[in-house]
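Visitor: I would like to go through this model with you, one question at a time, with the reasoning set out before each answer.

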Amino acid sequence: MERSPIQMVANAAEWLIENGAEIARVKNDTEALARAAGMREAECFALPTGVIITVEDAEGKTTTVVRRIHQRVLHLERLNLLETCIREAVAQPTTAEILAKKLRSAAQAPGWGPAALIPASGLAAGGFALFYGGTLAEGGLALIFGLVWAVLKLFLDRPWIPGVFTTALGSFLAVGGSLLGADLFRPLSAEPVATGTLMLLVPGLALVQTLRDLVAGELVTAQSRFAEVLMTGAALAIGATVALSLHSGKLGL
Amino acid sequence: MILVWTFAATLGFAFLLQCRGWTLLWASLGGVAGWGVYLLMTPLAGPWIAYAIGAAAVTAWAELLSRLSGKPPVSYLLPGLIPMVPGKYLFNAMDLMVRQHFTDAATTGWEAFIIAVALVVGVTSISVLLRRP
């Protein structure tokens, strides 16, 4: 349970960032929530890796809270619930205790489990292989790789396993599997299969969000997001390089 | 037929982005609408402007649905943009670099960047126009 309204506001900011909210929106929502919770002034400095919130209460006492953000995912349903809570609190202020409970419940809303995410991963990979001009057989192979990747990812999504390692491995499996599939089942082409499967890994959406942050004037956030895009791109390149080199025999295997 | 594959790919991603309920359907239709507008506009305006107009169409769709459902526009916007994000260009740039075709890799990487810029221009222009106070 939150120790004070400022802790509740800090939690909300932390949950928004963890679930993939735009940084400009985090600042606006956090400052609005702080005022709705009775603070006289509120300032929020948010980054993808941390948030600093300073508030001045009704008696003029200033408090600052710093939170480090350790993991970020895109969870649109939680974002929707959190923002709805904040919007309602701003429109019709309620007690801090009720609001804190609502926010916590929104942040802990369950997402789709493996039973939905594994087929969805296959659908996305297969759909993209066909979208990029693949045949039905190539789409089917990409679908299988998408399913396999989703199952593997369940085991690899651990706090102690770096994301770049997971991405590099995924890229290796997607490109290597596609090349092997094309060799085994001629005349399948590896390109649509690899591209469809890699769409699960490429930071295309992250690149678009980086530029959106830049346009919104969030220069520091845009830089750190761009570094993330570069890291993911490098991990993809490493995995694909190893797979392509093994296939072409450059590694002497 | 390509719009069917667009729908399938966007629906898959909408699940992965943890959309729930009817949002899955509407966000996926947003992806289809955006790609359809892109295909229509490409012969008229060229690919880069078509990407911007496609992204603007997805944003307008997301803003409309947001007002009808009370959910934030991002719930519909991000899955809807998925078919247009330059994932294939990024992969091709990386593949060309691995094959040591550095000039082609730089050109393809630049194209990916320009597409991302076009998408942001489309999204931002409509967001600013339709922003509620």
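Visitor: Which handedness does the crossing of α7(A) and α8(A) have?

Guide: Please keep in mind that this is a predicted model. The axes of α7(A) and α8(A) come within 8 Å and cross at roughly 155 degrees, and the two helices are therefore roughly antiparallel to each other. The crossing of α7(A) and α8(A) is right-handed.

Visitor: How many nonpolar, polar and charged residues does the contact of α7(A) with α8(A) have?

Guide: On the α7(A) side the contact is made by A:Ser171, A:Ala174, A:Val175, A:Ser178, A:Leu179, A:Gly181 and A:Ala182, and on the α8(A) side by A:Ala190, A:Val193, A:Ala194, A:Thr197 and A:Leu198. Sorted by class, the contact of α7(A) with α8(A) has no charged residues, four polar and eight nonpolar.

Visitor: Is helix α8 of chain A largely enclosed, and what covers its buried residues; which element of chain B is included?

Guide: Nine of the nine residues of α8(A), which spans residues 190-198, are buried, so the helix is largely enclosed by the rest of the structure. Among the buried residues are A:Glu191, A:Pro192 and A:Gly196. The cover over them includes α5 (114-131), α6 (136-156), α7 (163-184) and α10 (219-248) of chain A, and from chain B it includes α5 (87-98).

Visitor: Which element of chain A gives the largest share of the side that touches chain B?

Guide: In the contact between the chains, 37 residues of chain A meet 38 residues of chain B. The elements giving two or more residues to the chain A side are α3 (76-91), α5, α8, α9 (204-215) and α10 of chain A. That side divides into 25 nonpolar, nine polar and three charged residues. Its largest share, 10 residues, comes from α5(A).

Visitor: Which residues of α4(B) does α3(A) meet?

Guide: α3(A) and α4(B), the latter covering residues 74-81 of chain B, pack at an angle of about 155 degrees with their axes 9 Å apart, and they are therefore roughly antiparallel to each other. α3(A) passes α4(B) in a right-handed crossing. From α3(A), the residues A:Leu76, A:Leu79 and A:Asn80 take part, and in α4(B) they meet B:Val74, B:Ser75 and B:Leu78.

Visitor: How many nonpolar, polar and charged residues are in the contact of α2(B) with α3(B)?

Guide: Helix α2 (residues 22-45) of chain B and α3(B) pack at an angle of about 150 degrees, their axes being 7 Å apart, and that angle makes α2(B) roughly antiparallel to α3(B). Among the residues that meet are B:Trp26, B:Trp35 and B:Tyr38 in α2(B) and B:Tyr51, B:Trp61 and B:Leu65 in α3(B). The residues of the contact of α2(B) with α3(B) divide into no charged, four polar and 18 nonpolar.

Visitor: Which helix gives the most residues to the largest nonpolar core?

Guide: The largest nonpolar core has 124 residues, and those with the most contacts inside it are A:Val9, A:Ala13, A:Leu82, B:Leu81 and B:Leu119. With 12 residues, the helix that gives the most to this core is α3 (residues 47-69) of chain B.

Visitor: Which residues is A:Val9 in contact with, leaving aside its neighbours within four places in sequence?

Guide: A:Val9 is one of the residues with the most contacts inside the largest nonpolar core. Leaving aside its neighbours within four places in sequence, A:Val9 is in contact with A:Thr30, A:Leu33, A:Ala34, A:Ala37, A:Ile53 and A:Val55.

Visitor: Does B:Val117 count as buried, partly exposed or exposed?

Guide: B:Val117 lies in helix α6 (residues 102-130) of chain B, and its C-alpha is 9.4 Å from that of B:Tyr51, although the two are 66 residues apart in sequence. Being called buried would take 20 or more C-beta neighbours within 10 Å. With 18 such neighbours inside 10 Å, B:Val117 counts as partly exposed.

Visitor: What percentage of the residues in chain A is buried?

Guide: Chain A has 10 helices and three strands, and its C-alpha atoms fill a box of roughly 75 × 30 × 30 Å along the principal axes. Among contacts in chain A with a separation of 6 or more, residues 24 or more positions apart account for 63%. Of the 253 residues in chain A, the buried ones make up 49%.

Note on methods
Residues are numbered from 1 along each chain as its sequence is written. Chains are lettered from A and ligands numbered from 1 in the order in which they are written. This is a predicted model: local features need pLDDT of at least 70, side-chain atom pairs count only at pLDDT 80 or more; totals for chains, interfaces and linings use all residues. A residue is buried if 20 or more other C-beta atoms lie within 10 Å of its own, exposed if 12 or fewer, and partly exposed in between; C-beta atoms are placed from the backbone. Helices (H or I, at least four residues) and strands (E, at least two) are DSSP runs, numbered from the N terminus. Two residues are in contact if their C-beta atoms, placed from the backbone, lie within 7 Å. A nonpolar core is a set of buried Ala, Val, Leu, Ile, Met, Phe, Trp, Tyr and Cys residues joined through C-beta atoms within 7 Å. Ala, Val, Leu, Ile, Met, Phe, Trp, Tyr, Cys and Pro count as nonpolar, Asp, Glu, Lys and Arg as charged, and the others, Gly among them, as polar. Axes are lines fitted to C-alpha atoms, for helices over the stretch in contact, and angles run from 0 to 180 degrees between N-to-C directions. Angles under 35 degrees count as roughly parallel, over 145 as roughly antiparallel, 65 to 115 as roughly perpendicular and the rest as oblique. A crossing is left-handed if the near helix is turned anticlockwise from the far one by less than a right angle, and right-handed if clockwise.
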